[in-house]
Each structure stands twice: as structure tokens, then as C-alpha cells.
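Walk through this model with the viewer open. Take one site at a time.

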Amino acid sequence: MFPRYDVIVVGAGHAGCEAAAAAANLGSKVLLVTMNMQTIAQMSCNPAMGGIAKGQIVREIDALGGYSGIVTDETMIQFRMLNKSKGPAMWSPRSQNDRMLFSLKWRELLEQTPNVDFYQDMVKSLIIRENKVIGVITGLGHEIFSRSVVVTSGTFLNGIIHIGEKRFGGGRVAEKASTGITEQLVEIGFESDRLKTGTPPRLDGRSLDYSKMEEQHGDEEIVGFSFTATSKPTQQKSCWITYTNSTVHDILKTGFSRSPMYSGRIEGVGPRYCPSIEDKINRFAERDRHQLFVEPEGWNTVEIYVNGFSTSLPEEVQYEALRMVPGFEHVRIFRPGYAIEYDYFPPTQLNYSLETKYIDSLFFAGQINGTTGYEEAACQGLMAGINAHQKVRNLEPFVLKRSDAYIGVLIDDLISKGTDEPYRMFTSRAEFRTLLRQDNADLRLTETSYRLGLASQARMDNVIAKKEGVEKIKSILQDYTLDNADTDIYLQAKNSSTLTQKQKALQLLLRPAVDLISLKDNVPDLSGLLTSFTPDILEQAEIQIKYNVYIEKERELATRMGQLDELAIPENFDYDRISAISTEALQKFKKIKPRTLGQASRISGVNPSDVQILMVYMGR
């Protein structure tokens, strides 16, 4: 019934979809197994993509040839570039998306991808022979064989849903949990644990009074996520902002005694940076209100997502509290909020390729590794899919360094430090964030992906054209001389001092108040020289000019720090013979088995002196 596949992907969430697409586009024969063909790439929680650091990840996925950026652009209902008041290292794209269209578009792209087959069933166990995975066994009893397996189980592994005192199995509301894999892997020797996440109630938008809320418009210019020519909306839907108050908080507190979080019925640790509303009230008792974002779920639905009101309190408490929120006085609930706890496998059990250390050719991606968020899951899926293909072709693993991409930061954090709470990406986690901007993801990553065989020729041609365009702009600005007649009125309008002598346009652009677009528009001769360049190339040139000193300093630092990553630790290195290092470092080294001195230095609990001693012993 089934042929032998190169790669079987278990689960069709964001990680599974990117894994299947990447492996198939590289030439592997892929089977994507999902429990429900109607929920491929389901946006289980917020119908949005991107945000702080997450937007950078989506652009990196796109630059590498993944699909998330394309799907996001073609299904967005609102776009905003966050942090525009800060430097470009902090700019982060974010979109609201049509939940149903997003899933449909992903399925359409996968169905159009050669080498991808689909099968609807639950995978209840893996077929393992001599510490190597060779296939899966489904709930219907089918044995399907492959040369590698990527598990992207999301919140489905032994998932339990909590609403107040109600508790039932499920991976998402109205969808059954997946069982069998955790028990099998734990018996083999894997370590597993529990995490939890939550989601807010969904409301009937017709029951809300938007006149009592603050309207939040999208940007006039829709930059989007993909570096390809995707179609973007010609109009946008507004989001809205309202707030809780002390009355809302008092009502919510009446349900705390029945809250699964406070009664101990939930064992898993929740996401620190996306707490439930009851957690916010408890942790920030001094605050009398919390912001809520009222977000539409799509173009053709009245369903509303209440961002900031994640909860697992009893339904009647949720309802009574929501009625006290301004604009929600006559609210009707489509679905209550709930919490879900699920199994994950601490990611220190992985190699940099996301292949498990204990079972050959078995890869993990997404929430099974302890992360939270569509973007974090999707980038892991992309990398696992690439490396599953590399594995079956006996090719070198594809690994991104911390100085290459936020994806590299995420994977290094996971396998070097591990996580005991849902991991979310932030710009603060990246020490080289001036290099890892959202605007230059294509310049950083597309050429590498093209050599790998994933990024298309068209993408590579676009990168070459962009690089050449940026250099031409720099040359023009270096050669063009401005004088008072060109710039006095413009500089006065910008509250910048006028010129006392002639100056190169490139030098003038270093002033904080001066930007390339307005300078070009106010100097006719310069405008004529730059008219053929697109806005993204002009922006890239301006960023490189303005921040060149900082970029070069960070690049030098990355090179120096990267030298430790060039010093490989032998796989069979005997740490027990190093008596001088701390007990904690010894335990962490033996457990994680760092691949390089650089990775060893980033393990939590390892001191610089431990690394120096390790270096001495390696030299011997």
C-alpha cells in the first residue's frame, strides 16, 4: 500500500509543513502524516505571524526557501512593522492573518509540491531497529517504512485540556490527543517532561461595541515577509484595544479556587512571556488594568480573538469577567479559553541538526523541543526537513551559527542550555542582532540555501541584483557632492544644521535626522540618479551606510567568538579525567556532550574557568 519513503513527517502543524516542504524541494520522497487533513498548518492560537524577533525568523525562513513568508503575505488582513522608532536591528514585521485562508494556502502549496504525499492517521509508535528509526506504525496498524522520521507533534503528545474543573484529553479543542510515542521513547532512555500553554476565549464580533475601544490601523506601506513578489492585500482590517479593570480582576479571582493552575491539576510549566490573565493578576497585583487586543480572525468571519486574555478558568467566570470589559458588555462567546498540557523532550537530547542523540535518523522539531510559537516551530521544521534529507543522502548536516541567523540562536540555545519552560525568541537573546536584521535575511542566507539546493535560481538572482544595487547606490552617494543650494531648506525642515561647505551625499546621510528617501526627493539631481532603485534596495543601502561602524564591530566580535566554535571536542572525550572543573560543569558536559568549545562555553552553569581547563586538557 505504501512505498518506502526518504522522510516521514509526523504532524502537519507549522513545523511539519516546513519540514515536508524543505525535504521534498531538496528531492526527498516525503510522506506527511496528520490526524486531520482539514487542520494542516492550523493557527491554533493567535491568527498572527511575526512580532518582536519572530518576524525576523519568518523572513529567515523565507530567505532559505521556506513557505511561511509566502503564506503569511498572501493571507494577511493587517500588517505592521513594529519598533520603527528604534534602530533597524529592532524592526520586526507582524501581521494579522485570515485563519482559514492561512491553512488552505499552506495545503495548496504542499499539494503543489512534487514529492509530498499525505496520509490521515495517528502515528502511535516508531519502528526502531538497532538504534535507528526505519518507519512508523499508525493507529490503523499500517507499518510505513522510511529512511528518516521527523516528529513534529505540537501539543498533541498525551495532551490534556483544562477548563476550570473540567479535564479531558486532546491536542486542540475538539481534536484527540496522540498517544504511544512518549512511552516508547522513554522506555528507550529518552527524558520527557510536561509543559502547558493556553488560549483565550473566541467571541462573536457582532456583540462588541467598538466605539468604546481604541482603533489600531495597519501600516500604509505593507512590506510583508517574503522576498519574492507575493500578492498583498489592497485594504486592511483594523484591530482594537481595550483594557481590563479592577472589577474584571475581582470576578476572575472568584474562580481561582477552581483554576487548574492554582489547584495543582496542571503539572506543566507555562510560557513566562505569554501568561494567562489569572497569572497576570496574581504576579502583577499592583496593576489595576491589563491591555487586551481585539483581533479579527479573518475577512469573512465575525469571530474575534482576545489577545491578552488567555485563561483556563471556569466558563461562567470567563463570561462574567468579560462582560465587565469596556465594549464587551453584551459579549457572546463562541468558545471558552482553555489550557493544554502536553509532553515534550528536553532539547539537550538533540544534535545541532535536530537529530536525536539516541536514535539515528530521528529528528524532532517544534513544541516537542520545548518551544512556543508558530515561528519558532516553523524554523525548526525547516532545519529538520533539510537535515533529514541530508542524512538520507549521506551529506553533511546543515547548521546555522548564532552569528548567521536567529534560527541559529534558537537551536544553539535549545541544545546547549535546554529549557524547562516554553522557549520564545526575543531580540535580546541574540548577541549579534545588528547583523541579524529582518531587512538583510536574504543577503545573509539565500546564497547558502541556493548552494544547498533549496533556494531557487530566481531568489538567488534577486539577491545578486540587490547586492549590486546597494553597491551602486553607495558609489553614487560617495561621488555626489551637495552644497547649500541643494540642501538648506531640506536641512532646516529636518531641524539639522545647514552646510557650511560642500559635502558628499554619503557623509550627510550619516546624520540621524537625514534619510535617503527624503534626501533624494528634495535634491532633484540626486533623485534622477537614484530613480531606478526600488525602495527595499534604497533602504538596505541607507542602513548599511548609517550603521556601518556598528556592523563592522559586531562582525569582528562574531569572528573572535566564533574561533571557539572551530575547536571541536572529540565525541568520545572522557570528562571524568578532568578533576579541576566544577561538579555542575562535569555533569552538564557529560549530559549534553558539547560539540565544540564554543558550545561548551554557552551551557548554563559552566564558568569561563571550566572552559579554560577543558581547553588545556584538549591540548594535551
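A polar contact is a pair of N or O atoms within 3.5 Å; inside the protein, one atom must be able to donate a hydrogen and the other to accept it. Keep in mind that this is a predicted model.

Start with Thr-244. Thr-244 sits in the loop between strand S16 (239–243) and helix H6 (246–253). Its side chain makes a polar contact with the side chain of His-249, at 2.9 Å. That value falls inside the 3.5 Å limit. The side chain of Thr-244 also reaches the backbone nitrogen of His-290, at 2.7 Å. Is Thr-244 buried or exposed? Its relative accessible area is 2%, so Thr-244 is buried, given that the cut-off for buried is under 20%. Which residues surround it? Leaving aside neighbours within four places in sequence, Thr-244 is in contact with His-249, Ile-277, Asp-288, Arg-289, His-290, Leu-292 and Phe-309. His-290, whose backbone nitrogen is reached by the threonine side chain, is therefore on the contact list too.

Next, go to Ser-92. This residue belongs to strand S5 (residues 92–97). Ser-92 has a relative accessible area of 0% and is buried. A polar atom of the Ser-92 side chain lies 3.2 Å from the backbone oxygen of Met-90. Beyond the neighbours within four places in sequence, the contacts of Ser-92 are Gly-51, Ile-52, Ala-53, Gln-56, Arg-80, Met-81 and Leu-82.

Now look at the loop between S4 and S5. Ser-85 lies in this loop. At 75% relative accessibility, Ser-85 counts as exposed, because the cut-off for exposed is over 50%. The C-alpha atoms of Ser-85 and Leu-292 are 23 Å apart. Along the chain, these two residues are separated by 207 residues. Asn-83 is found in the loop between S4 and S5 as well. Its phi is near 65°, a positive value in a residue other than glycine. Why remark on that sign? Most residues other than glycine have a negative phi. Asn-158 is another case to check: its phi is positive, about 50°, although it is not a glycine. Asn-158 is in the loop between strand S10 (149–151) and strand S11 (160–163).

Turn to helix H1, residues 14–25. How far should its twelve residues span? At 1.5 Å a residue, the expected span is 16 Å, and the end C-alpha atoms are 17 Å apart, which agrees. Eleven of the twelve residues of H1 are buried, so the helix is largely enclosed by the rest of the structure. Among the buried residues are His-14, Cys-17 and Glu-18. The buried set also includes Gly-16 and Ala-24. Just after H1, Gly-27 takes a positive phi of about 115°.

Helix H4 (residues 99–111) offers a further stop, at Glu-108. The relative accessible area of Glu-108 is 35%, so this residue is partly exposed. The C-alpha atoms of Glu-108 and Val-71 are separated by 9.9 Å, with their positions 37 residues apart along the chain.

Finish at the second largest pocket. Its volume is about 1200 Å³. The pocket is lined by 41 residues, and the closest to its centre are Glu-221, Val-223, Pro-535, Asp-536 and Glu-539. Which elements give two or more residues to the lining? They are strand S4 (76–82), helix H12 (441–452), helix H13 (457–479), helix H16 (516–522) and helix H18 (535–546). H18 gives the most, with nine residues. By class, the lining has 17 nonpolar, nine polar and 15 charged residues.

Thr-534 leads on from there, in the loop between helix H17 (524–530) and H18. Its side chain makes a polar contact with the side chain of Asp-536, at 2.5 Å. Asp-536 is one of the residues closest to the pocket centre. Thr-534 counts as partly exposed, at 37% relative accessibility. The C-alpha atoms of Thr-534 and Gly-469 are separated by 9.0 Å, and the two residues are 65 residues apart along the chain.

How values were computed. Residues numbered from 1 in each chain as written. Predicted model: local features only at pLDDT ≥ 70, side-chain atom pairs only at ≥ 80, totals over all residues. Heavy atoms only, no water. Helix = DSSP H or I, 4+ residues; strand = E, 2+ residues; numbered from the N terminus. Expected span 1.5 Å × (residues − 1). Buried < 20%, exposed > 50% of the residue type's maximum accessible area, 1.4 Å probe, protein only. Contact = heavy atoms within 4.5 Å. 1 Å grid on protein atoms, 1.4 Å probe; cavity = no way out; pocket = protein on both sides within 12 Å on 5 of 7 lines; lining within 4 Å. Points joined across faces, edges and corners; volume = space filled by probe spheres on them. Nonpolar A, V, L, I, M, F, W, Y, C, P; charged D, E, K, R; others polar.
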